[in-house]
Amino acid sequence: MRDLVIGMAGSGGDGIVSAGESLIAACAAEGYHALMTKSFGSQIRGGESSCRVRLGVAPVLNPGGALDVAVALNWDDFLKFGSELPVAGNTVVVYDSATGIAPDALPLEGIDPAAVFAVPIGEMARKSAGTEKAKNTVVLGLLAGWFGIARDGILRGIRKKLAKKGPEVLAANERAFQSGIDYAAAHPLDSPRTIDRPGQATKKLIVDGNDICAAAAIFSGCDFFGGYPITPSTEVMQLLGRELWKYGGAVLQAEDEIAGIGSALGASFAGKKAMTATSGPGMSLKTEILGLASIAELPLVLVDVQRGGPSTGMPTKSEQGDLFQAVFSANGDVIRPVLAPTCVADTFAVTVEAFNLAERYQTPVVVLSDQEIAQRKEVIDPIDTSRFTIVERVRPRGAELEPYVRFRQTESGVSPLSHPGMKGGNYLAAGIEHNERGEPTAGGAAHAKMMEKRFRKFAPLKTREDLFRIEGDPNARLALVSWGSTAGVCREALRLARADGLSVKLLVPWLLYPVADGVYRSFFASVKGGLVVEQSYQGQLYRLLKMFTDVPAGVQPLCRAGANPFRPTEIAAALRDIALSLQRQAGDARQPQE
Amino acid sequence: MTSLCTLTAKDFKSDLKPIWCPGCGDFGVVQAIYRALAAIGRPPHQIAFVSGIGCSSRIPGYTTAYGFNSVHGRALPIAQGIKIANPELLVLAAGGDGDGFSIGGGHVPHAIRRNVDLAYIVMDNQIYGLTKGQLSPTSPRGLRTVSSAFGSLENPVNPLSYVLAYGAPFVAQGTPADLPALAAVIEQAIRYPGFAFVNVQSPCVTYGEEEQQIKAHKARMKPLESLGHDPSDLVNAFRLAQDYGTELYTGVLYRNPDPSPTLDSLMRERQQKMSEGALPRERILELFAQS
């Protein structure tokens with residue numbers, strides 16, 4: 001097997017998430033790639049918690065489909081996660097026999113799993129370690145025993161983690177781990193499932209989307225963060241709150257979302273690279289200052305980690321419903337770049353790009369992450385930071401300061417930008433429309449010129465083909481378009497479909513707005529049918545594309561509300577249906593004409 | 001830091017012609033600011049002057065400092081970001097009573113508790129002038145305006161007790177009816193190390209009440225100094241603040257003689273303390289290297 005998908009659920013305190021973390025750390029040390037998502041009930045403490053871990057010898061693109069292994073410490077908790085932990089015919093189900101449910105009476109409607117093990121997990125923990133707290137360690141032993149994964153690595157991890165807790169706790173946990181291994185040896189799987197061994201183990205990073213986003217900000221030269229806690233973006237502020245001081249920067253946890261972005265804009269006006277992060281409800285509040293940043297032409301990076309639903313919605317669930325908000329919110333005719341990462345690793349590159357665009361075009365830039373990318377941990381290869389360039393804003397020099405004309409009409413539309421402290425660069429930044437010198441005006445002619453300038457400066461952005469990823473068969477008649485975390489599912493769907501004999505290609509934009517008309521036109525040139533796949537009820541990217549470029553009639557939205565993740569197999573199946581209908585149409589067209 | 005050549009009030013006056021109505025109190029306020037800045041002597045390029053929206057919020061444009069005429073109610077968050085980003089700058093924030101105590105009122109307590117070193121000047125005219133004469137948060141109860149045809153049913157905000165209650169370390173009041181005194185309190189506010197608040201009773205000549213005009217101010221105003229008020233006496237400052245709306249006190253109402261450190265200085269200390277041993281920015285991803 002090239003990969004393995006494990007889903008585990010229990011009550012808060014069972015240490016399910018901690019077991020998942022131990023597992024991916026051990027697998028990383030052995031050279032595996034991995035991806036782990038966590039999901040919790042809405043309780044602050046306790047309640048149900050779960051995690052999905054997907055291990056593979058190649059980079060893992062998404063959390064995967066049905067589980068290969070399902071671990072239920074408690075069935076009530078497990079079932080609350082529904083479609084997030086889908087059990088299928090090939091799933092090996094492991095559960096604590098203390099739940100009192102017979103193996104042939106599992107509460108799984110209409111599913112007959114490949115193998116079912118009722119294991120006295122709690123009892124094994126008590127006997128080996130003297131406490132039920134070691135249940136998660138028993139589970140790790142079971143997984144290592146049955147699936148041949150990272151046995152030594154897990155043991156090393158246990159030793160490191162528990163070293164401080166003294167030799168007794170350590171020995172107890174080692175016994176718990178061994179008891180799991182012994183149980184697996186005594187109760188072998190009917191058909192052994194062992195995952196392929198990775199090649200030479202290389203150094204890996206273990207990181208989630210929010211943390212790597214914050215790291216990218218530091219790398220880009222960010223010196224100020226202003227924000228307000230909001231799920232699921234808060235970790236961006238938290239990491240910067242630990243690290244940014246070391247670089248002479250500062251973090252302000254503001255009194256509200258508006259003050260968060262306001263202080264960041266102030267820092268940018270003062271000449272520093274600045275950032276704020278939020279989620280949908282915070283985006284709503286930040287809108288007025290986004291508009292101000294656009295008209296005052298000040299660089300600013302805003303990260304919106306999307307969550308589910310309008311208003312408070314579902315704070316801990318993923319959705320791609322903020323695209324319209326990112327693109328269109330703010331009054332007046334306004335344009336701002338919107339970028340989206342598709343996985344943890346490219347959150348780094350996209351965030352660096354966001355800082356670069358903000359500085360180059362003196363504009364707010366929105367990074368549209370989503371809960372899944374932001375909070376899932378991935379085991380990834382190190383990123384070579386030397387391949388990135390860092391852009392700084394153009395500052396006025398020499399004659400440009402005699403006198404300084406802040407909003408001078410230049411060929412590119414970008415005017416040199418001074419900052420307080422720079423002698424001769426004094427000007428008035430304003431949310432009020434202004435002339436080239438920055439003086440307030442209500443004149444139609446000056447307004448028209450400034451509007452044109454503020455749009456014109458983004459023209460080069462639409463030719464940035466490097467902000468798009470295209471894979472598959474270049475001349476395919478069948479196509480997928482997808483963005484954000486859903487793109488990772490489509491990458492795998494593309495492979496499945498091609499392995500199944502379909503000729504298909506995939507376009508993944510990092511740059512969502514402005515819509516790069518030319519890139520889509522040339523991609524769609526060969527296309528007769530396909531899907532725009534996204535996790536929003538309306539299919540917001542599909543509609544945005546229809547607005548700004550020509551989408552072939554056969555390309556349709558495949559979209560649904562958040563917290564119902566797409567699976568690669570269903571997308572591949574949908575592609576096959578479209579391929580068949582294209583074939584029928586082609587056949588009809590070839591019917592002899594009278 | 002201070003310029004060697006002497007600066008005069010003229011050096012801070014920009015070429016922009018104010019949009020204010022003839023006789024508006026804000027003309028006096030901007031004059032007082034020119035004088036205070038000249039006395040302090042920092043060159044205009046080292047000054048950042050931030051405002052929100054309203055008649056009075058046009059004021060940064062009438063100075064030669066770096067100005068930021070932002071959006072309604074948001075002068076303080078922006079000003080704090082500027083000061084934190086570059087503590088070397090002299091940072092001023094200004095706006096009207098609506099900007100500061102209605103739409104932006106939520107920012108005031110937090111600017112105070114953070115104690116970022118900046119001066120905040122509110123031009124309080126008890127009316128919304130730019131939108132042509134509606135109720136403001138400091139309008140007296142019973143006031144008839146275009147938005148309160150039958151008289152206001154609400155009690156006004158008291159800006160002085162508001163900021164005192166949240167712990168503002170420097171609180172003063174002035175009126176353009178006494179320009180030298182106004183320039184003096186603004187200068188003291190700027191020099192004060194921490195959040196300093198000046199409420200300026202700045203008459204609206206078009207929509208304001210008779211007793212709120214310059215002429216009336218001249219008759220009504222009472223310098224706190226002449227009342228024998230000790231600015232370090234917080235309890236007496238609170239007592240005097242209760243007379244807002246009936247008495248027009250001018251001068252320094254409260255000045256904390258033992259100011260706590262400013263946020264910007266604390267942040268700088270932290271930056272210096274933590275600068276050693278940081279990973280170079282280009283190696284930041286090593287934070288996540290598996291061990």
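This is a short talk on some helices, strands, loops and one chain contact in the structure above.

Okay, hi everyone. A word on what we're looking at: this is a predicted model, where local features need pLDDT of at least 70, side-chain atom pairs count only at pLDDT 80 or more, and totals for chains, interfaces and linings use all residues. Residues are numbered from 1 along each chain as its sequence is written, while chains are lettered from A and ligands numbered from 1 in the order in which they are written.

Some vocabulary, too. When I say helix or strand, I mean a DSSP run, numbered from the N terminus: H or I with at least four residues for a helix, E with at least two for a strand. "Buried" is for a residue with 20 or more other C-beta atoms within 10 Å of its own, "exposed" is for 12 or fewer, and "partly exposed" is in between, with C-beta atoms placed from the backbone.

Let's start with helix α5 of chain A, residues 151-162. How far apart should its ends be? At 1.5 Å a residue, its 12 residues should span 16 Å, and the end C-alpha atoms are 17 Å apart, which agrees. That expected span is 1.5 Å times one less than the number of residues.

Now, which residues of α5(A) are buried? They are A:Gly153, A:Ile154 and A:Gly157. Looking down the axis of α5(A), those buried residues fall within an arc of 95 degrees, so they line one face of the helix; the arc is taken from the directions from the helix axis to the C-beta atoms. On the face turned away from that buried side you'll find the exposed residues A:Asp152 and A:Arg159. And the cover over the buried residues includes α1 (16-29), α4 (135-147) and α6 (167-186) of chain A.

Just look at the loop between α4 and α5 of chain A, where A:Ala150 sits. Its phi is near 50 degrees, a positive value in a residue other than glycine. Most residues other than glycine have a negative phi, and most peptide bonds are trans. A:Ala150 is also buried, with 27 other C-beta atoms within 10 Å.

A:Ala330 is another one for the list: not a glycine, yet with a positive phi of about 95 degrees. You'll find A:Ala330 in the loop between α11 (323-328) and β12 of chain A. It counts as buried, with 21 C-beta neighbours inside 10 Å.

Next, helix α12 of chain A, residues 344-361. It has 18 residues and reaches 26 Å from first C-alpha to last, close to the 26 Å expected. Of those 18 residues, 16 are buried, so α12(A) is largely enclosed by the rest of the structure. Right after α12(A), A:Gln362 takes a positive phi of about 50 degrees.

On to strands. In β20 of chain A, residues 529-534, 6 of 6 residues are buried. In a regular strand the side chains alternate between the two faces of the sheet. For β20(A), both faces are covered: A:Gly529, A:Leu531 and A:Val533 are on one side, with A:Gly530, A:Val532 and A:Glu534 on the other.

What does β20(A) pair with? Pairing here needs at least two DSSP bridges between two strands. β17(A), residues 478-482, pairs with β20(A) in the parallel sense over 5 bridges, and A:Leu480 stands opposite A:Leu531. β21(A), residues 555-559, also pairs with β20(A) in the parallel sense over 5 bridges, with A:Val533 opposite A:Leu558.

There's another sheet to see, an open one of 7 strands with mixed pairing, in the order β9-β8-β10-β11-β13-β12-β19 of chain A. Its edge strands are β9 (250-253) and β19 (511-513), each pairing on one side only. β12(A), residues 338-339, and β19(A) run antiparallel and are joined by 2 bridges; A:Val338 has A:Tyr513 as its bridge partner.

That A:Tyr513 comes up again: its peptide bond to A:Pro514 is cis, with omega near 0 degrees. A:Pro514 is in the loop between β19 and α16 (517-524) of chain A.

Last stop, the two chains. Contact means C-beta atoms, placed from the backbone, within 7 Å of each other. By that rule, 44 residues of chain B are in contact with 58 residues of chain A. On chain B's side, the largest share, 8 residues, comes from α2(B). That's it from me, thanks!

Key:
Contact = placed C-beta atoms within 7 Å.
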